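Let's take a walk through this model, starting at the surface and ending at the metal.

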Amino acid sequence: MKIIWVITLLSVSLTACSIGQLNSDEETNEEVPASSTQQEQPEKTNENQDSTKSEDDSSEKGKGNQAEDKVLEDGIVEVGDPASNQVVVNKHRKLPSDYVPADLTVPDVPFSFSEDHPKKQMREEAARALEELFDAAKEDGIDFAAASGYRSFDRQKDIYERYIEIYGKEKTDTFSAPPGTSEHQTGLAMDVTSAQVAFKLEQSFGETDAGEWLADHAHEYGFIIRYKEGTEDITGYMYEPWHLRYVGNEISSDVHYQAVTLEEFFGFHPASE
Ligand SMILES: [Zn+2]
């Protein structure tokens with residue numbers, strides 16, 4: 001009788017241990033990217049601030065944030081949760097014109113230009129992840145330079161209108177976003193480049209060592225290459241091997257290994273429809 005009791009107690013406590021272990025591993029995987037650095041503290045603080053929201057997001061996975069979206073008169077949707085890491089912004093889904101991320105900061109990485117500029121900024125969590133990505137690339141002998149991150153609604157408006165004057169609307173719409181529809185306004189995007197393409201943003205970057213490294217490893221740091229080759233009809237934009245979008249580690253690997261666009265991942269209409 002005594003022996004049975006001991007065995008029962010043992011197995012109960014073992015089960016409890018394994019459950020405890022599993023939970024803490026899951027939490028670690030979600031909160032700490034593959035190669036964490038001493039800079040993980042601000043990231044954690046940031047996540048803690050909207051921990052309720054993160055839980056909601058993961059249970060809503062696959063549905064995007066459609067429940068909170070608002071359809072505007074012209075059929076375009078104004079996204080309901082612009083501050084979500086998983087927000088999908090494209091020509092059908094725009095950000096509120098007054099949306100400015102609350103936690104913009106300049107990542108501690110090399111830039112392709114030296115002057116102070118708002119486009120150096122990203123949101124806190126994305127900035128820390130970008131630093132980790134740059135550090136890991138450097139260890140592999142790849143030197144990236146960041147070229148363009150946060151862009152305000154008004155700045156995007158100026159850029160878009162200037163391009164239309166030069167190239168006309170049809171051509172401009174293949175590479176530049178109407179104001180409110182640029183991922184750069186989310187503070188979650190950064191264009192990166194390297195010396196191999198003279199620090200320009202051009203498609204040949206995708207064939208360089210740096211571009212290939214980015215395509216292979218970005219997902220390990222919570223980023224995706226948002227506008228991949230052959231997805232123009234879905235994303236509405238030409239191939240941009242330099243455009244990194246932070247989505248968080250929860251889904252960056254899924255999007256990478258499923259080889260899908262964000263529109264497909266969340267089940268949104270292709271941008272061309
Ligand atoms: Zn970009």
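Before we start, one cut-off: a residue counts as buried under 20% relative accessible area and as exposed over 50%, with partly exposed in between. Keep in mind, too, that this is a predicted model.

With that in hand, look at Tyr-167, which sits in helix α5 (residues 153-167). Its relative accessible area is 45%, so Tyr-167 is partly exposed. Tyr-167 also joins Tyr-163 and Ile-166 in making a nonpolar surface patch of about 310 Å².

Now for a patch of another kind. Glu-207, Asp-209, Glu-212, Asp-216, Glu-229, Glu-232 and Asp-233 together form a negative surface patch. Two helices, α7 (209-217) and α8 (232-235), each give two or more residues to the negative patch. Helix α7 supplies the largest share, three residues. Glu-212 is a handy one to click on: it lies in α7, and because its relative accessibility is 43%, Glu-212 counts as partly exposed.

Finally, the metal. Which residues hold the zinc ion? They are His-184 through NE2, Asp-191 through OD and His-243 through ND1, at 2.0 to 2.1 Å. Read along the chain, the donors follow the spacing H-x6-D-x51-H. The Asp-191 and His-243 pair links distant parts of the chain, 52 residues apart: Asp-191 belongs to strand β7 (residues 189-194), while His-243 belongs to strand β9 (residues 240-246). And are these two buried or exposed? Both Asp-191 and His-243 are buried, whereas Tyr-167 back on α5 is partly exposed.

Methods: Residues numbered from 1 in each chain as written. Predicted model: local features only at pLDDT ≥ 70, side-chain atom pairs only at ≥ 80, totals over all residues. Heavy atoms only, no water. Patch = residues over 30% accessible without salt bridge, like charges linked within 9 Å, V, L, I, M, F, W, Y side chains within 5 Å. Areas by Shrake-Rupley, 256 points an atom, 1.4 Å probe, with all protein chains shown as cover. Salt bridge = Lys/Arg side-chain N within 4 Å of Asp/Glu carboxyl O. Lys, Arg positive; Asp, Glu negative; His and termini not counted. Charge placed at Lys NZ, Arg CZ, Asp CG, Glu CD. Helix = DSSP H or I, 4+ residues; strand = E, 2+ residues; numbered from the N terminus. Buried < 20%, exposed > 50% of the residue type's maximum accessible area, 1.4 Å probe, protein only. Donors = N, O, S within 2.8 Å, 3.2 Å for Na, K, Ca; no water.
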